[in-house]
Amino acid sequence: MTIDIHRVTVLGTGVLGSQIAFQTAFSGFEVTAYDISDAALQAGRQHIDNLAAIYREQLPDAGDGRAERTATSIALTSDLARAVKDADLVIEAIPEVLAIKQETYRKLGEAAPERTIFATNSSTLLPSAMKDSTGRPDKFLALHFANQLWQQNTAEIMGTPDTDPTVFQKVVDFASKIGMVPIEIHKEKAGYVLNSLLVPLLNAGLTLAAGGYADPEAVDKTWRIGTGAPAGPFQILDVIGLATPYNVFANGDEDAQKLAAWLKTNYIDKGKLGVATGEGFYKYS
Ligand code: NAD
């Protein structure tokens, strides 16, 4: 038996956890956010305050103090049992390390009420790898947000073979209620839909440029004109930041390492890491 979702607890107040907590509170839910220490919570509070400023600036309906009220409405705690004691839904956004997630789900499974649904925001780990640690595989699934979720508002929902279809549907409905566009995934798939499409596109663009076949600008122009898409792979890479793909390629096979070396020599070593540093494949003012 699960009940309707009113109270939501977010685990982790880093980049994504703070966004999930803020968007959920902004949508009228009662939100508690948990992190491991007072120092982590202080950083989390800062993330939340920054989001209030971003929402106020970018969203027309965040004025008249609504963004600030949202920020102060989020309860922060480093006490896991307190954080989850009344939760209907717990959304986990802690580091992408399987052992840390499993250990956290073991503690969470003991601390949370029986009715509570657990959702992981993991980008690369399959929920099956964590389900047994939860002690309630029927009430566990993935709910995957994109960075800057107030604009990039897809929420990919992916269960395991053990996930109760009622729980799945409740989480789909919840995603809609917090302003996301729910994307239902029928079977487990690394990369969900978005990254299954995006990663091959980015890799193909990099292979063309690093192999000397075409410049980044030409690759992007071809993609934009040829498909009507607003941005090409290198424009997207600049927004993501070059450090993440570099780290992925540096730990990959021989071909991937060639891409890593090209990125390092031409961009990383020159401090061109993307939009965040003012220059990547393109210059930003
Ligand atoms: P982050 O490093 O910014 O934040 C992680 C937070 O977890 C930190 O506040 C940290 O103090 C806290 N933490 C560490 N150990 C913990 C523990 N044992 N229990 C509770 N909290 C703990 O990471 P992030 O980028 O927000 O990523 C979090 C999750 O979200 C990952 O699973 C990642 O794959 C996923 N995700 C990230 C993005 C992204 O663009 N950053 C996008 C979608 C999904």
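Let me begin with helix α8, because in this predicted model the largest share of the lining of the largest pocket, 7 residues, comes from α8. That pocket has a volume of about 1500 Å³, and of the 40 residues that line it, the closest to its centre are S123, N147, N195, I240 and T244. If you follow the secondary structure along the chain, the elements that give two or more residues to this lining are α1 (15-26), β6 (140-145), α8 (194-210), α10 (233-240) and α11 (243-250).

Where do these residues sit in terms of domains? The lining of the largest pocket draws at least three residues from each of domain 1, residues 7-185, and domain 2, residues 194-276. As to its chemical character, the lining is made up of 21 nonpolar, 16 polar and 3 charged residues.

Let me turn now to the second largest pocket, which holds about 230 Å³ of space. Its lining consists of G12, Y34, D35, I36, L80, I94, P95, I100, T104 and K107, and when these are sorted by class they divide into 6 nonpolar, 2 polar and 2 charged residues. Here the largest share of the lining, 3 residues, comes from helix α5, which spans residues 98-111.

That brings me to the ligand, and to the question of which residues come nearest to it. There are 22 residues around the ligand, and of these L16, D35, E96, K101 and S123 come nearest. S123, you may recall, is also one of the residues closest to the centre of the largest pocket, while D35 also appears in the lining of the second largest pocket.

Looking at individual polar contacts, an N or O atom in the side chain of K101 is 2.7 Å from an oxygen atom of the ligand, and an N or O atom in the side chain of N121 is 2.9 Å from a ligand oxygen atom. For I94 the backbone is involved, with an N or O atom there lying 3.4 Å from an oxygen atom of the ligand. Taken alone, the ligand exposes 830 Å², and the protein buries 75% of that.

The elements that give two or more residues to the shell around the ligand are α1, α5 and β6, and α5 gives the most, with 3 residues. By class, the shell comprises 10 nonpolar, 9 polar and 3 charged residues.

To close, I would ask you to keep two helices in mind as you look at the structure: α8, with the largest share of the lining of the largest pocket, and α5, which gives the most to the shell around the ligand.

How values were computed:
Residues numbered from 1 in each chain as written. Predicted model: local features only at pLDDT ≥ 70, side-chain atom pairs only at ≥ 80, totals over all residues. Heavy atoms only, no water. 1 Å grid on protein atoms, 1.4 Å probe; cavity = no way out; pocket = protein on both sides within 12 Å on 5 of 7 lines; lining within 4 Å. Points joined across faces, edges and corners; volume = space filled by probe spheres on them. Helix = DSSP H or I, 4+ residues; strand = E, 2+ residues; numbered from the N terminus. Nonpolar A, V, L, I, M, F, W, Y, C, P; charged D, E, K, R; others polar. Domains from an automatic or database assignment. Near = heavy atom within 4 Å. Polar contact = N/O pair within 3.5 Å; in protein donor to acceptor, adjacent residues only side chain to side chain. Areas by Shrake-Rupley, 256 points an atom, 1.4 Å probe, with all protein chains shown as cover.
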